[in-house]
Amino acid sequence: NLAKRVLNAALATGGDFAELFLEDTTSNTLARDSLDAINNAVSTVTYGAGLRILKGLQSVYGYTNDLSKDGLLKLAETLACRYEGRRVCKAKDFVEEEGVQHKALRYGKDVSKSEKKKIVNGAYKACKSTSKYITQVSVSLQDTVQNVVIINSDGKWVKDQRVRVRLGISAVAFKDGVLETAFEGPGAQKGFEFFDEIDYKGKLL
């Protein structure tokens with residue numbers, strides 16, 4: 001088992017606990033801060049592994065996006081070299097458990113760009129129409145799916161899927177020489193069904 005090899009390599013110089021954090025996260029953002037149209041669209045992918053080794057009250061941490069056998073073992077051996085000593089324990093046999101599982105009804109990847117634009121533009125117009133004194137509105141829509149595996153030397157092996165959506169709306173108003181700002185950020189650990197469940201335009205009126 002590669003995970004056990006990596007953890008044992010991490011514990012080779014006297015560490016008493018080691019933990020691997022494997023992550024594959026996709027995040028999409030659509031934003032508008034002008035009267036014209038959507039002016040920013042960004043997609044990011046975070047992929048890699050983090051490794052932490054504890055020895056008493058000391059800890060070392062490192063990460064890599066090379067998830068091959070050689071890449072993970074190199075990370076473990078490099079971090080283990082930060083300690084001096086002999087092995088005091090080995091990784092236990094793993095017991096797999098189901099962690100946090102946010103099962104979305106509508107994942108961001110299944111939602112069309114036109115529907116996402118409709119949400120952003122609807123929030124923008126609702127906020128802008130609230131008052132003639134509002135001089136600036138910014139709206140961003142973000143959807144994220146984070147798949148995580150946590151494996152440690154105590155034998156824990158946990159898989160999480162963390163799904164999040166959030167709509168961020170900020171406004172600037174100016175009247176009689178006074179500037180005021182406001183923000184609303186409805187969001188949930190759900191998919192796009194969240195926007196069918198709330199009146200996000202009504203929250204701005």
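Angles under 35 degrees between two helix axes count as roughly parallel. Keep that cut-off in mind for the opening view of this predicted model.

**View A. Helices α1 and α2 run side by side.** The axes of α1 (residues 2–10) and α2 (residues 69–80) come within 7 Å and cross at roughly 20°. That angle falls under the 35-degree limit, so α1 and α2 are roughly parallel to each other. The contact is built from Leu2, Arg5, Val6, Ala9 and Ala10 on the α1 side, and from Lys69, Leu72, Leu73, Ala76, Glu77 and Ala80 on the α2 side. As for handedness, α1 passes α2 in a right-handed crossing.

**View B. Helix α1 has a cap and a set of buried residues.** Look at the N-terminal end of α1, which is capped by asparagine 1. Here a side-chain oxygen of asparagine 1 lies 2.9 Å from the backbone nitrogen of alanine 3. Which residues of α1 are buried? They are Ala3, Val6, Leu7, Asn8, Ala9 and Ala10. The cover over these buried residues includes β1, β2 (40–55), α2, β5 and β6.

**View C. Helix α3 passes a simple length check.** Helix α3 covers residues 113–128, which makes 16 residues. At 1.5 Å a residue, α3 should span 22 Å, and its end C-alpha atoms are indeed 22 Å apart, so the expected and modelled values agree. Several residues of α3 are buried: Lys116, Ile119, Val120, Gly122, Ala123, Tyr124, Ala126 and Cys127. What do the buried residues of α3 pack against? Their partners are β1, β5 (134–152), β6 (156–175) and α4 (194–197).

**View D. Arginine 32 sits buried in strand β1.** Strand β1 takes in residues 17–32, and arginine 32 belongs to it. Is arginine 32 buried or exposed? Its relative accessibility is 5%, so arginine 32 counts as buried. The side chain of arginine 32 makes a polar contact of 2.8 Å with the side chain of asparagine 121. Beyond its neighbours within four places in sequence, arginine 32 is in contact with ten residues that you can look for, among them Ala37, Ile38, Asn39, Val120, Tyr124 and Val137. Valine 139 is also one of the contacts of arginine 32. The two residues are 107 places apart along the chain, yet their C-alpha atoms are separated by 5.3 Å.

**View E. Serine 27 is a second buried residue of β1.** Staying in strand β1, we come to serine 27. Its relative accessible area is 11%, which means that serine 27 is buried. A polar contact of 3.3 Å links the side chain of serine 27 to that of glutamine 142. Setting aside neighbours within four places in sequence, serine 27 is in contact with Val42, Ser43, Thr44, Gln142, Asp143 and Thr144.

**View F. Valine 149 lies buried in strand β5.** Find valine 149 in β5. With a relative accessibility of 18%, valine 149 counts as buried, because the cut-off for buried is under 20%. Valine 149 touches Leu20, Phe21, Leu22, Trp157, Val158 and Lys159, not counting residues up to four places away in sequence. Leucine 72 is 77 residues away from valine 149 in sequence and 14 Å away in space, C-alpha to C-alpha.

**View G. Threonine 64 reaches a backbone nitrogen from strand β3.** Threonine 64 is part of β3 (residues 58–64), and at 16% relative accessibility it counts as buried. A polar atom of the threonine 64 side chain lies 3.0 Å from the backbone nitrogen of aspartate 66. Leaving out neighbours within four places in sequence, the contacts of threonine 64 are Gly48, Ala49, Gly71, Leu72 and Leu75.

**View H. Two exposed residues sit in loops.** Where is lysine 132? Look in the loop between α3 and β5. Its relative accessibility is 73%, so lysine 132 counts as exposed. The C-alpha atom of lysine 132 is 9.3 Å from that of phenylalanine 174, with their positions 42 residues apart along the chain. Aspartate 176 lies in the loop between β6 and β7 (178–184), and its relative accessible area of 69% means that aspartate 176 is exposed. Most residues other than glycine have a negative phi. Aspartate 176, however, has a positive phi, near 50°.

Conventions:
Residues numbered from 1 in each chain as written. Predicted model: local features only at pLDDT ≥ 70, side-chain atom pairs only at ≥ 80, totals over all residues. Heavy atoms only, no water. Helix = DSSP H or I, 4+ residues; strand = E, 2+ residues; numbered from the N terminus. Buried < 20%, exposed > 50% of the residue type's maximum accessible area, 1.4 Å probe, protein only. Contact = heavy atoms within 4.5 Å. Polar contact = N/O pair within 3.5 Å; in protein donor to acceptor, adjacent residues only side chain to side chain. Expected span 1.5 Å × (residues − 1). Axes fitted to C-alpha atoms, helices over the stretch in contact; angles between N-to-C directions. Parallel < 35°, antiparallel > 145°, perpendicular 65-115°, else oblique. Left-handed = near helix turned anticlockwise from the far one by under 90°.
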